[in-house]
Amino acid sequence: MDAHGSPRPLEARFWTPGTQLLFAFMLLGLLFIIARLVGGLGAVTNLDNYYPWGLWIGFDVATGVALAAGGFTTAALVQILGRRRYEGVTRPALLTAMLGYTFVAVGLFFDIGRYWAVWHPIFYWQPNSVLFEVAMCVMVYTTVLHLEFLPVISERVGKVLPILHKIGHFLEKIMPALIILGVVLSCMHQSGLGSLLLIAPTKVHPLWYTPILPLLFLTSAIAVGYPMVVFETTLATGSFGLEDEMEILRPLTRITIALLGIYLALKIGDLVVRKAYVYLLEGSAQSHSFLVELLGGVALPWIMLLMPGVRRSRKWLFVACTLIVLGVALNRMNVFIVGFQPAYSVRPYYPHVGEIAITLGLTSSIIFFYRLCVTYLPVLSARKEEGHA
């Protein structure tokens, strides 16, 4: 039986023990957010003049932006390249991207020392600044993602709010333009995040510091886009008792073989050209983390995806894609935290319990609102498994 139909709400019970636990984590994060707003960054972080960024930038921003790439890669595949067979996973990928970027912006707001000045880039332009380019691209792209998702909301409540139905209908007409704009903006700020570290050649470990860091950030974000779709789709269908979507996910991973192979070739080629491979066996925490990232997060899953048996197996396909997701997440953490070594710092950086709590709260918020949206909005199109309550 075909596992697909029109996207529709799950209409399932929302307040489960899982969502209650997520809500508890959100409240915990909120308490530390209040402490941050009242007491400043020093009250809930281990940041200082040597380590101006930490977990909130390395994970909440850099990792969050990279793992939200499934939104623009899937939309480009369906809307620009015309591969309509993948429409079933487009809305879930778009929802994940929208929530991811929204909470990236929330996390960035609390990470900035003068958070009340977060609006300054809108009016005070500095076109020579990479950070300005990243800020504007993320800001505009987050707006584009909300516009792309608005027709989904209008399908549900358009009859009650006719004006919303008209807006949704108009956005559907200009959707190809929004998709193209989103792809351009994504490519700009994905590479721009890598460009931020180019000004710190003496602070970033040689295993990660390279002139092609922007290219590596871009290619890794594109490579992780479809594995992230497989990752979230497998979790959603398994959690909600829906039929699997292997007929869609399997072809996506064939595309991933080429994309991940390009990223792997660039990583290895960069090490060889710069002769940075001499640091691989130095025995430091940085060398160990780099080897785990390269071998476990890129090379191993790439080899696994080359095997037809892995691509046919739901379990092993999920394992391979999970390794890719974790590999890209580790790469961002490595570049921004593990590999960042200020020469004159008096102590290493470790996340404060407040940083961990707020990160946990933001991550829980993404999952919580994803569950809320798929429960009451037409997002998922996979059918219930037969016999599943």
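Buried means under 20% relative accessible area, exposed over 50%, and partly exposed in between, with a 1.4 Å probe and protein chains only as cover. Helices are DSSP runs of H or I with at least four residues, numbered from the N terminus. The model is predicted, so local features need pLDDT of at least 70 and side-chain atom pairs pLDDT 80 or more, while totals for chains, interfaces and linings use all residues. Residues are numbered from 1 along each chain as its sequence is written, and side-chain values use heavy atoms, leaving out hydrogens and water.

**Exercise 1.** Determine which residues of α4 are buried and which helices they pack against.

*Solution.*
Step 1. Helix α4 spans residues 70–80, and 9 of its 11 residues are buried.
Step 2. These are G70, G71, F72, T73, T74, A75, A76, L77 and V78.
Step 3. With contact taken as heavy atoms within 4.5 Å, the buried residues pack against α3 (55–67), α5 (90–111), α7 (130–157), α9 (175–195), α10 (213–239) and α11 (246–274).
Step 4. Just after α4, G82 adopts a positive phi of about 75 degrees.

**Exercise 2.** Establish where V338 lies and which residues it touches.

*Solution.*
Step 1. V338 belongs to helix α14 (residues 314–338).
Step 2. Its relative accessible area is 27%, so V338 is partly exposed.
Step 3. Not counting residues up to four places away in sequence, V338 touches W208, Q286, S289 and M333.
Step 4. The C-alpha atoms of V338 and V204 are separated by 8.9 Å, although the two residues are 134 residues apart along the chain.

**Exercise 3.** Classify I34 as buried, partly exposed or exposed.

*Solution.*
Step 1. I34 lies in helix α1.
Step 2. I34 is partly exposed because its relative accessible area is 44%.

Conventions: Helices (H or I, at least four residues) and strands (E, at least two) are DSSP runs, numbered from the N terminus.
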